[in-house]
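This report describes one protein structure for a reader who has not met it before. It takes the sheets, then the cores, then the cavity and two single residues.

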Amino acid sequence: MTADSAARPRPDTAAAAAAELIARFRRQRPLRAGSLIVTLFGDAIMPRGGAIALGSLIALAAPFGLNERLVRTATARLAKDGWLKGRRAGKLSEYRLSRDGRERFADATKRIYGEPDSEWSGRWTLIFLQPMAAAERKELKEELIWRGFGELSATVFAHPEFDSRVLGAKRTGPLAKAMVFDANLADGDAPQRLVALGWDLDDLGLRYRRFVKRFERVLAALRSSRTLDEEASFIVRTLLIHEYRRLHLRDPMLPSRLLQADWPGVRAAALCRDIYARVFTASEVHVSRVAAQLEGALPAPEASVMERFGGIQP
């Protein structure tokens with residue numbers, strides 16, 4: 001056995017699983033530093049006060065292949081876009097979530113970590129767009145699709161009984177030019193035809209199955225590990241949520257009666273919950289050791305973190 005092979009982690013350990021995930025992340029071109037920093041803030045930093053010293057953020061991001069220049073550039077861009085707010089104390093800097101950033105993260109947190117609503121009355125929410133500028137329509141389309149609406153035509157969007165009161169509270173800008181209807185579909189097989197028209201569930205299902213295949217290997221490695229390395233646990237947790245977030249936020253979260261019986265999103269959610277619970281405690285130790293605010297240590301995690309995925313039990 002060579003020295004290199006002796007130092008290399010066994011293929012069935014948490015460290016090896018973390019190394020495989022990092023290698024896959026680093027192969028991405030371009031390497032999207034901003035997207036990973038959004039994951040770090042939403043998953044690990046927001047529950048612990050929402051602020052972190054720039055040097056600590058650079059240290060947390062280093063294992064993923066993000067150098068200091070990339071982190072500085074990405075955080076500056078996120079601040080310019082309104083997600084973060086920076087402040088300086090001498091030569092040191094700190095970034096925290098802006099008010100708008102907190103609202104955006106709160107909405108995303110509910111979708112990523114929340115339990116799907118299993119009840120559905122059979123009614124639909126339809127949105128009709130009035131004439132508007134192309135830029136306004138693009139903005140509104142992105143907002144509606146992010147919220148799970150399907151695009152039936154250039155001016156019509158649908159969702160299974162979306163709470164129209166939520167839309168009503170946010171009816172500013174382009175959304176103020178939309179007309180919202182609650183509707184019943186008269187035709188018995190119309191829901192399935194409407195789903196096929198509004199959403200590409202074949203592509204989403206394929207992406208879910210790839211996620212499941214990749215992270216089932218990670219779960220097997222975690223189960224075979226006697227102890228969990230703190231940094232490896234943090235890496236697994238971060239890239240688990242990073243990949244799940246980007247996939248899950250594409251999911252319209254349709255009621256189960258509109259999905260195929262073996263919908264892979266169900267397995268993906270259960271897998272995510274299981275892995276997250278296994279690595280959470282060790283990963284928090286790593287965050288506490290590496291990260292701080294300008295005034296000192298990060299606050300303890302909010303109690304609500306333990307309610308993620310319906311309740312995690314490390």
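Over how many bridges do S2 and S3 pair, and in which sense? S2 and S3 pair over six bridges, in the antiparallel sense. The model is a predicted one, in which local features need pLDDT of at least 70, side-chain atom pairs count only at pLDDT 80 or more, and totals for chains, interfaces and linings use all residues. Residues are numbered from 1 along each chain as its sequence is written, and side-chain values use heavy atoms, with hydrogens and water left out.

**The three-stranded sheet**

Helices (H or I, at least four residues) and strands (E, at least two) are DSSP runs, numbered from the N terminus. Two strands pair if DSSP finds at least two bridges between them. An open sheet with antiparallel pairing is built from three strands in the order S1-S3-S2. Strand S1 (51–53) and strand S2 (84–89) are at the edges; each has a single partner strand, so one side of each is left without a neighbour in the sheet. On average, neighbouring strands here are turned by 20° against each other, direction ignored. Axes are lines fitted to C-alpha atoms, for helices over the stretch in contact, and angles run from 0 to 180 degrees between N-to-C directions.

S1 is joined to strand S3 (residues 92–97) by three bridges, and Ile52 stands opposite Tyr95 in S3. On the S2 side, Arg88 is opposite Ser93 in S3. S2 and S3 form a hairpin with two residues between them, and Gly90 in the turn has a positive phi of about 70°.

**The four-stranded sheet**

A further open sheet has four strands in the order S5-S6-S4-S7, again with antiparallel pairing. Its edge strands, S5 (150–151) and S7 (178–183), each pair on one side only. Strand S6 covers residues 156–159. The table lists the two pairings that involve S6.

| Strand pair | Bridges | Sense | One pair of opposite residues |
|---|---|---|---|
| S5 and S6 | two | antiparallel | Gly150 and Ala158 |
| S4 and S6 | four | antiparallel | Ile127 and Phe157 |

Phe157 in S6 is also the bridge partner of Glu151. A hairpin of four residues joins S5 to S6.

In a regular strand the side chains alternate between the two faces of the sheet. Buried means under 20% relative accessible area, exposed over 50%, and partly exposed in between (1.4 Å probe, protein chains only). Both faces of S6 are covered, with Val156 and Ala158 buried on one side and Phe157 and His159 buried on the other.

**Nonpolar cores**

A nonpolar core is a set of buried Ala, Val, Leu, Ile, Met, Phe, Trp, Tyr and Cys residues joined through side-chain atoms within 4.5 Å. The largest such core has 81 residues, of which Phe41 and Ile275 touch the most other members. Helix H10 (residues 201–224) gives the most to this core, with 10 residues. Apart from it lies another core of nine residues, among them Met132, Phe149, Phe157 and Ala178.

Contact means heavy atoms within 4.5 Å. Leaving aside neighbours within four places in sequence, Ile275 is in contact with Phe215, Val218, Leu219, Leu222, Val236 and Leu240.

**The cavity and two buried residues**

A cavity is a set of points on a 1 Å grid over the protein atoms alone where a 1.4 Å probe fits but cannot get out; lining residues have an atom within 4 Å of a point. Grid points are joined across faces, edges and corners, and a volume is the space filled by probe spheres set on the points. The structure holds one cavity of 30 Å³ or more, and the volume of the largest is about 30 Å³. The lining of the largest cavity consists of Leu21, Arg24, Phe25, Gln28, His242, Glu243 and Arg246. Helix H2 (14–26) and helix H11 (230–248) are the elements that give two or more residues to this lining.

Ala18 lies in helix H2 and is buried, with a relative accessible area of 3%. Not counting residues up to four places away in sequence, Ala18 touches Ala232, Ile235 and Val236. The C-alpha atoms of Ala18 and Leu298 are separated by 24 Å, with the two residues 280 residues apart along the chain.

Ser35 has its place in helix H3 (residues 33–45). Ser35 counts as buried at 18% relative accessibility. With residues up to four places away in sequence not counted, Ser35 touches His242, Arg245 and Arg246.

Terms used. On a 1 Å grid over the protein atoms alone, a cavity is a set of points where a 1.4 Å probe fits but cannot get out, and a pocket is an open set with protein on both sides within 12 Å along at least five of seven lines; lining residues have an atom within 4 Å of a point.
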